[in-house]
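Here are two short exercises to work through with the model open in your viewer. Try each task yourself before reading its solution.

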Amino acid sequence: MAKSKSVYVCSECGYQSPKWLGKCPSCNQWNTMEEEIENTSSKPLSKSSSVSKVMALDEITTDVEKRISTGINEFDRVLGGGIVYGSLILLSGDPGIGKSTILLQICQYLGKNSKVLYVSGEESANQIKMRANRLNVTTDNLYILTQTDVSEIVDAIKSNKPDIVIIDSIQTMVYEEIGSSAGSVTQVRECTNIFMHTAKGLGIPIIIVGHVNKDGAIAGPKVLEHIVDTVLYFEGEKNYSYRILRGVKNRFGSTNEIGVFEMTGEGLKEVLNPSLMMISGRPKNTSGTCVACVMEGSRPILAEVQGLVCATGFGTPRRMSTGFDYNRMNMLLAVLEKRCGYYFNNMDAYINVIGGLRLDEPAADLTVSLALVSSLKEKAVGDKVLAFGEVGLAGEIRAVSHCEQRVQEAYRLGFEKCIIPFHNYKSLSKDLKINVDIVPARNIRDAFTALIDE
């Protein structure tokens with residue numbers, strides 16, 4: 001009979017200790033140590049179903065085109081072209097963001113040529129059927145299994161031989177050989193290991209849904225992200241109808257791509273032109289607004305940045321930023337005061353990125369600066385003007401990557417003037433310079449002189 005003993009495991013990083021600690025020595029988080037029952041038997045918890053042998057690299061054959069399309073172009077883009085056979089994919093996101101919705105929609109397309117097994121540990125079969133009716137999922141190749149025992153699920157996979165398996169969710173799965181409860185660090189780690197060996201051994205792709213904690217990180221041990229082949233994160237504000245699917249890790253493709261979706265009454269619909277969606281409804285001849293162009297992977301996306309500057313009613317001016325880094329906003333305000341002579345020391349300053357998009361790329365610095373000065377001077381930036389560039393502490397505008405793609409996207413959407421870093425100007429094609437009024441700027445003062453009459 002297996003012997004067991006009690007250990008304390010950190011729910012954030014998986015650090016183990018023989019006694020309880022208020023603060024985890026590994027990740028320095030408080031009150032994260034949870035009691036677990038450790039199995040000390042010599043029998044391994046997770047077993048591989050495949051026999052390994054040493055092979056020379058020349059003996060290994062692969063087919064790069066052997067992928068399964070999900071029927072949703074935005075989803076395939078993030079995956080790198082589709083689902084790879086034998087891969088283990090982790091899809092995480094906030095509660096109610098649409099993880100189960102998009103997976104059930106994918107089943108409709110996959111069911112045309114593939115046999116799909118949907119394993120649910122959170123919902124009953126009736127609940128899944130009701131959601132399938134709402135989403136118009138009517139495929140005959142979708143099979144539902146409501147089970148939380150991993151051993152039973154693996155037996156069902158081996159006996160039914162589906163082409164694709166979906167596990168919703170990994171935090172509800174239980175391996176009976178472990179005495180801890182579902183969702184614990186040990187259970188999540190071992191259950192994921194078992195699904196990984198099953199996927200690799202049988203060549204069946206498995207998609208598992210993962211919950212997130214209150215800080216937005218994937219719940220469970222950090223090793224969970226190391227085990228799987230691909231980590232996808234579904235993000236978006238609940239007050240907005242738009243969702244962004246982002247690849248955090250991908251062994252079979254780039255992690256720079258994103259997919260944009262819109263939540264509707266009939267489920268998630270892909271947004272083929274995110275730039276047009278982000279700038280729709282933009283006010284005209286209004287101060288404090290400017291359009292940025294940021295790169296999300298290989299895709300240029302236009303986003304409207306709004307700035308508001310007003311006299312403060314307090315001793316210390318208030319600063320607030322939504323969709324843009326707060327500390328970087330304060331840095332830009334300091335540069336504007338020191339290098340350009342625009343004083344915000346007695347002014348409240350607010351920055352907001354429309355549409356729920358978050359601008360993490362430094363190329364948005366110039367756009368934020370223009371929006372702030374436009375609001376301060378009460379002079380509007382032109383409706384057909386786009387600006388991008390990284391701002392340094394000396395007030396200079398540094399070069400950014402993919403400049404020509406950004407300008408082409410602006411021209412395609414009807415923008416007539418682009419203010420860009422001076423060092424990017426030479427790399428642009430002659431045709432683009434003819435079609436668009438391009439203003440190269442060495443520093444912030446050059447950019448303001450070209451757009452705003454002081």
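**Exercise 1: a pocket and its lining**

E12 supplies four residues to the lining of the second largest pocket, the largest share. Keep in mind that you're working with a predicted model.

Task: work out which elements give two or more residues to the lining of the second largest pocket, and what the lining is made of by class.

Solution.
1. Start with the pocket itself: its volume is about 420 Å³.
2. Next, collect the lining. You should get 22 residues, with Gly236, Glu237, Gly356, Leu357 and Arg358 nearest the centre.
3. Now map the lining onto elements. Those giving two or more residues are strands E11 (230–235), E12 (242–250) and E18 (347–353), plus helix H7 (274–279).
4. Finally, sort by class: nine lining residues are nonpolar, seven charged and six polar.

**Exercise 2: a strand and its partners**

Task: decide whether the residues on the two faces of strand E7 (residues 116–120) are buried or exposed, then find which strands E7 is joined to.

Solution.
1. Split the strand by face. In a regular strand, side chains alternate between the two faces of the sheet.
2. For E7, that puts Val116, Tyr118 and Ser120 on one side, with Leu117 and Val119 on the other.
3. Apply the burial cut-off, under 20% relative accessible area. Five of the five residues in E7 are buried, so both faces are covered.
4. Look for partners. E8 (residues 142–146) runs parallel to E7 and is joined to it by five bridges; tyrosine 118 stands opposite isoleucine 144 in E8.
5. E9 (residues 164–168) is also parallel to E7, again with five bridges, and here valine 116 stands opposite isoleucine 164.
6. Last, trace the connection: E7, helix H3 (residues 125–134) and E8 form a right-handed β-α-β unit.

Conventions. Residues are numbered from 1 along each chain as its sequence is written. This is a predicted model: local features need pLDDT of at least 70, side-chain atom pairs count only at pLDDT 80 or more; totals for chains, interfaces and linings use all residues. Side-chain values use heavy atoms; hydrogens and water are left out. On a 1 Å grid over the protein atoms alone, a cavity is a set of points where a 1.4 Å probe fits but cannot get out, and a pocket is an open set with protein on both sides within 12 Å along at least five of seven lines; lining residues have an atom within 4 Å of a point. Grid points are joined across faces, edges and corners, and a volume is the space filled by probe spheres set on the points. Ala, Val, Leu, Ile, Met, Phe, Trp, Tyr, Cys and Pro count as nonpolar, Asp, Glu, Lys and Arg as charged, and the others, Gly among them, as polar. Buried means under 20% relative accessible area, exposed over 50%, partly exposed in between (1.4 Å probe, protein chains only). Two strands pair if DSSP finds at least two bridges between them. A crossover is right-handed if, with the strands pointing away from the viewer, the path from the first strand over the helix to the second runs clockwise.
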